[in-house]
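Hi,

Here is the structure I promised to pass on. Have it open while you read, because the notes below go through it piece by piece.

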Amino acid sequence: ISRHTGILERYRNFLPITDKTPLISLHEGSTPLIHAPNLSEKLGVELYVKYEGLNPTGSFKDRGMVMAVAKAVEEGSQTIMCASTGNTSAAAAAYAARAGLRCIVLIPSGNIALGKLAQAIAYGAEVIAIDGNFDEALRIVRDITASEPITLVNSVNPYRIEGQKTSAFEICDALGQAPDILAIPVGNAGNITAYWKGFTEYHEKGLIKSLPKMYGFQAAGAAPLVLGETVENPETIATAIRIGNPASKEGALRAVSESAGLVDSVTDEEILEAYQMLAKYEGIFCEPASAASVAGVIKARKQGKIPADVKVACVLTGNGLKDPNIALKLVGEEPRSVPATRDAVMSLIGEKAGE
Ligand code: F0G
């Protein structure tokens, strides 16, 4: 049993913590690295998933947000603000509530998953839906926070990256080494930047012998890093990564080139297939954007870009419960309704017997 609560205590020696930094925690981090035996067998690799959906607000954002909010408090800030496709706003709202800060979030109207919106509202954030996409929301937030006494808590805030790098530490701690390949969905590109920072810091300290190759995957309709140019109107079912102009693109490209990895795109169909495979074959429910990591591994493996039997860790960035509409509307069958009798139920089970 760990005597630590959250990541600030657990990894304090690796983080920009002073004796004035409040060690805020909702017990974020310490998420499981789960072996996926069924998908490993299908794909011919040793597959693990880092299930970040088990963080307190259901996504990896909690790691970065606890650090950013702790520093905001340390610096005397009273208000935080972010643009978000949903998860950042949920995390910001929760940690702001915990720390007693005002929280303002800008979201793209109509393009955020229901669970995420519910969280931001429940945690008491001031939620503003703009008639525009994430990139436009971030531009406005950067503009306002540059001149107002409000702390920006998007991942362009370096403390966000510091907190998020701790997930790479945990993967290495769990495996006793780095994986051969780290596969990760890429949206605004902060997280891939953070993981690479985490792996390189562990490597420099001699805590791992080798570095992983970083494989970043974007949704095909929102793949500026693959296309090499900004996407004006990004579109994907994976609303979390519906981003056309990633703020941390340099960090992402550096991670990929320094690690001899790759950045590629996966279609919405490939994302949904991987999303269903994780749920049906492994009992792991993640949100669509998260499944881009596994979809990418499936694609890269088919193309021969991943050799057999290597150790692959896929980051599952968010919980499937964030976006129940996708599961209900786009995959699987509607529940069948019958009268409330044993016979009626048996008639359905019987039909299916032997399947
Ligand atoms: N997966 C999920 C579930 C996300 O919410 C995000 C980003 C990403 C992957 C991509 O991470 O941006 O660091 O490359 N969500 C942000 C948000 C944009 O506002 O919640 P990234």
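First, a term you'll need: a salt bridge is a side-chain nitrogen of Lys or Arg within 4 Å of a carboxyl oxygen of Asp or Glu. Side chains of opposite charge can pair when their charged atoms come close. Also keep in mind that you're looking at a predicted model.

**Salt bridges**

How many salt bridges does a search of the whole structure find? The count is 14. Here are some to look up.

Start with Lys71 and Glu74, whose closest N and O atoms are 3.0 Å apart. Both residues sit in helix H3 (residues 61–74), with their positions 3 residues apart in the numbering, about one turn of the helix. Are the two partners buried or partly exposed? Lys71 is buried, because its relative accessible area is 6% and anything under 20% counts as buried. Glu74 has 25%, so Glu74 is partly exposed.

Next, find Arg102 and Glu126, which form a salt bridge with the closest N and O atoms 2.8 Å apart. Arg102 belongs to strand S4 (residues 102–108) and Glu126 to strand S5 (residues 126–130), so this pair ties together parts that are 24 residues apart in sequence. Arg102 is partly exposed, at 44% relative accessible area, and Glu126 is partly exposed too, at 33%.

Then there's Lys165 with Glu201, where the closest N and O atoms are 2.9 Å apart. This salt bridge links distant parts of the chain: Lys165 is in the loop between helix H7 (158–164) and H8, while Glu201 is in helix H9 (residues 190–204), 36 residues apart. Both Lys165 and Glu201 are buried.

Some salt bridges share partners, and in this way Arg10, Lys50, Glu52, Arg63 and Glu170 are joined into one network.

While you have helix H9 on screen, look at Thr200, which is in that helix as well. The Thr200 side chain reaches the backbone oxygen of Lys197 at 3.0 Å. With 18% relative accessibility, Thr200 counts as buried.

**Aromatic rings**

A pair of aromatic rings is described by the distance of the centres and the angle of the planes. The structure has 8 aromatic pairs. One of them is Phe14 with Phe169: the centres are 4.7 Å apart and the planes make an angle of 50°, a tilted pair. This pair also links distant parts of the chain, 155 residues apart, with Phe14 in the loop between helix H1 (7–10) and strand S1 (33–35) and Phe169 in helix H8 (residues 166–175). Phe14 and Phe169 are both buried.

Now compare Tyr215 and Phe217. Their ring centres are 6.5 Å apart and their planes are at 70°, so the pair is edge-to-face; the cut-off for that label is over 60 degrees. Tyr215 is buried at 5% relative accessible area, and Phe217 is buried at 0%.

Which residues form one aromatic cluster? They are Tyr11, Phe14, Phe169 and Tyr202, so you'll meet the tilted pair again here.

**The ligand**

There are 19 residues around the ligand, and Ser84, Asn188, Ala189, Asn191 and Thr317 come nearest. Here are a few polar contacts to click on:

- Lys61: an N or O atom of its side chain is 2.9 Å from a nitrogen atom of the ligand.
- Asn87: a polar side-chain atom is 2.8 Å from an oxygen atom of the ligand.
- Thr88: a backbone N or O atom is 2.8 Å from an oxygen atom of the ligand.

How much of the ligand does the protein bury? Taken alone, the ligand exposes 470 Å², and the protein buries 99% of that.

**A patch on the surface**

Last stop: Val338, Val345, Met346 and Ile349 make a nonpolar surface patch of about 310 Å². Val338 is found in the loop between helix H14 (324–330) and helix H15 (342–352). Its relative accessibility is 34%, so Val338 counts as partly exposed.

Happy exploring!

Definitions and conventions:
Residues numbered from 1 in each chain as written. Predicted model: local features only at pLDDT ≥ 70, side-chain atom pairs only at ≥ 80, totals over all residues. Heavy atoms only, no water. Patch = residues over 30% accessible without salt bridge, like charges linked within 9 Å, V, L, I, M, F, W, Y side chains within 5 Å. Areas by Shrake-Rupley, 256 points an atom, 1.4 Å probe, with all protein chains shown as cover. Helix = DSSP H or I, 4+ residues; strand = E, 2+ residues; numbered from the N terminus. Buried < 20%, exposed > 50% of the residue type's maximum accessible area, 1.4 Å probe, protein only. Near = heavy atom within 4 Å. Polar contact = N/O pair within 3.5 Å; in protein donor to acceptor, adjacent residues only side chain to side chain. Phe/Tyr/Trp six-rings, centres within 6.5 Å; stacked < 30°, edge-to-face > 60°.
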